[in-house]
Each structure stands twice: as structure tokens, then as C-alpha cells.
Amino acid sequence: MLTDVELKSFNEDGYLLRPSVFTADEVDLLKSLSEEQFSRDAPSRVLEKDGHTVRGVHGSHLVDEAFSRLVRMPRVLAPAVQMLGGPVYVHQFKINAKKALRGDIWPWHQDYVFWNRRDGMTRAQAVNVAVFLDEATEVNGPLLFLPGSHRIGMLDLERHDGAEDGAEDWASNLAADLDYAINAPLLAKLTADRDIVPAKGPAGSVLLFDPLLVHGSGANMSPSDRRMILITYNRSDNILAPVANPRPEFLAGNDRAPLVALPETTSLS
Ligand code: SIN
Ligand code: MN
């Protein structure tokens, strides 16, 4: 469970890093299972613009037993339930590869804009729980945050291509160009009174962040990959309104049954 100090810090900053929550052995297992997922040619796998480097893979908790257990482990599930104040299910699960030298950027954005406009999520009662599979350093493209920006609410962003919400093919929002990216003039306003902070931490860390927190990440300029699992929990009663052109299940979970935590002693394998 999160302490009052941790909850206060999350509410203030919009994120909370808990270092080394998973052991080195657990991280090794999650890394090898992630590589297996990266090696499978499937619609849920996304490539970088070069057409061959793996950018990430979605919905692995639906196809792999260890990832299915991971999302029910108390170390990731309990803080989400505590933070959202009620039962949750997985809206999205992805493993980002951020390959050495070839892993591309994530433009500045708020996740909730996509879940609201693309998936019909009615309230921002969701939380991201990231598990670091590699150390996140200054130089390997760590997540970058604008602390406190979640308190601004959902930014009113124009789509960069001027098209209707839901008109696009789902794959267009998984690559390094995002429909609702934050441009330089808006970023200048948002950073007038706050710094950009990199979320650095050892492998095995758990990072919780708010769906309204403005974030992005740069290129990986290091010789090793920066892999990260991102689980998005949504409150089971946070309804997804019907949308035109719904995204596949591996991008917008449709099993809203409240997740039941596994016993504390449960292992991944
Ligand atoms: C994201 O914004 O969803 C992921 C960013 C990253 O992996 O750096
Ligand atoms: Mn994001």
C-alpha cells in the first residue's frame, strides 16, 4: 500500500517512483518474455518508422500467462486500486522497446486525450503503472514529465491533421507521430512555471503516473535498450461510451471485470 506521504507526492506531482520493487530475477524473466513478444509478428506489435525496429507490443497480458499474472500482482495492482478508490481492470498493456540508438521519440502528450477521444473513456479515473525492465537514465530516452501538469485538466488540443476523432486507423497513434501531440508554443506555456523532469530509476522500479500528466520521451542515445512495461488500469465503473471505429481489444480492453489481486507470495512463473 502507498503511504500518505507517497499519495501526497503523487497528488502534487502527478507521478511517483518506487525504486526496485521487482527483483533482478523477476526483471530478467520479464525481459526475456518481452523479447519473445517483440519477436512475434502480430498486429499488436508496432515497428519504428524504419519499418523493422520493434517499437513495442500491446496486449501481452491477454496472450502470456506471466504477464496476465503480473497485472494481478499486489505490487502493481494494489497501488492502482488504492489511488483510484475502487476496483479496476486493464484498459491497456504495452511493452515499449526503446531500442538502443533506434528507439524513436514519444512526442509530448496527455494519455487521457487519446482514451477519451478514441476509446470514449468518460473520466480520467485511470492510472499508469510502469515497470522498468532496464535502468532509465538521462541518456537512454527516459520518460520526461512536467510535474503538476495533471492538475491543469485535459488540454483542448486540435488534431494535427484536422481530421475527425475516430476517423483514423488505430495504428496511427502508436508511432512517433501522435494525433494529439503538444506543440512548441503550448510546451513553452506549460514550462513557464515548471521544469522538465526525467523519470530515472533502476531496473525493477515501479512508476505510477496520472493520465493527465504531460509526458513524452526522447531518443535512446545509449548502447542498450530502455524497455518498459506500461499497465493502464481503469476503474471498472469508469464507462467507455460508444465510439466510431473502436480500437482492437489489445489497445482498449473490454473485459471490465474487477481484477482480484493474487496472493503476495505469487511468483511470475
Ligand atoms: C508513453 O507515453 O506511452 C510511452 C513513452 C515511453 O515509452 O517513453
Ligand atoms: Mn503516454
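What does the accessible surface of the protein chain come to, and what percentage of it belongs to carbon and sulfur atoms? By the Shrake-Rupley method with a 1.4 Å probe, the surface comes to about 11600 Å², and 54% of that belongs to carbon and sulfur atoms.

Before going on, I should say that this is a predicted model, in which local features need pLDDT of at least 70 and side-chain atom pairs count only at pLDDT 80 or more, while totals for chains, interfaces and linings use all residues. Residues are numbered from 1 along each chain as its sequence is written, chains are lettered from A and ligands numbered from 1 in the order in which they are written, and side-chain values use heavy atoms, with hydrogens and water left out.

Now to the interior. Of the 269 residues in the protein chain, 55% are buried, meaning under 20% relative accessible area with a 1.4 Å probe, protein chains only. The largest nonpolar core, a set of buried Ala, Val, Leu, Ile, Met, Phe, Trp, Tyr and Cys residues joined through side-chain atoms within 4.5 Å, has 35 residues, and those touching the most other members are Leu70, Val76, Phe93, Ile229, Ile231 and Tyr233. The helix α4 (74-84) is one of the elements that give two or more residues to this core, and α4 gives the most, with five; helices here are DSSP runs of H or I, at least four residues, and strands are runs of E, at least two, numbered from the N terminus.

Leaving aside residues up to four places away in sequence, Leu70 touches Phe22, Leu30, Val76, Phe93, Ile229, Ile231 and Leu268, where contact means heavy atoms within 4.5 Å. Apart from this core lies another, of 19 residues, including Trp108 and Tyr180.

Key. Buried means under 20% relative accessible area, exposed over 50%, partly exposed in between (1.4 Å probe, protein chains only).
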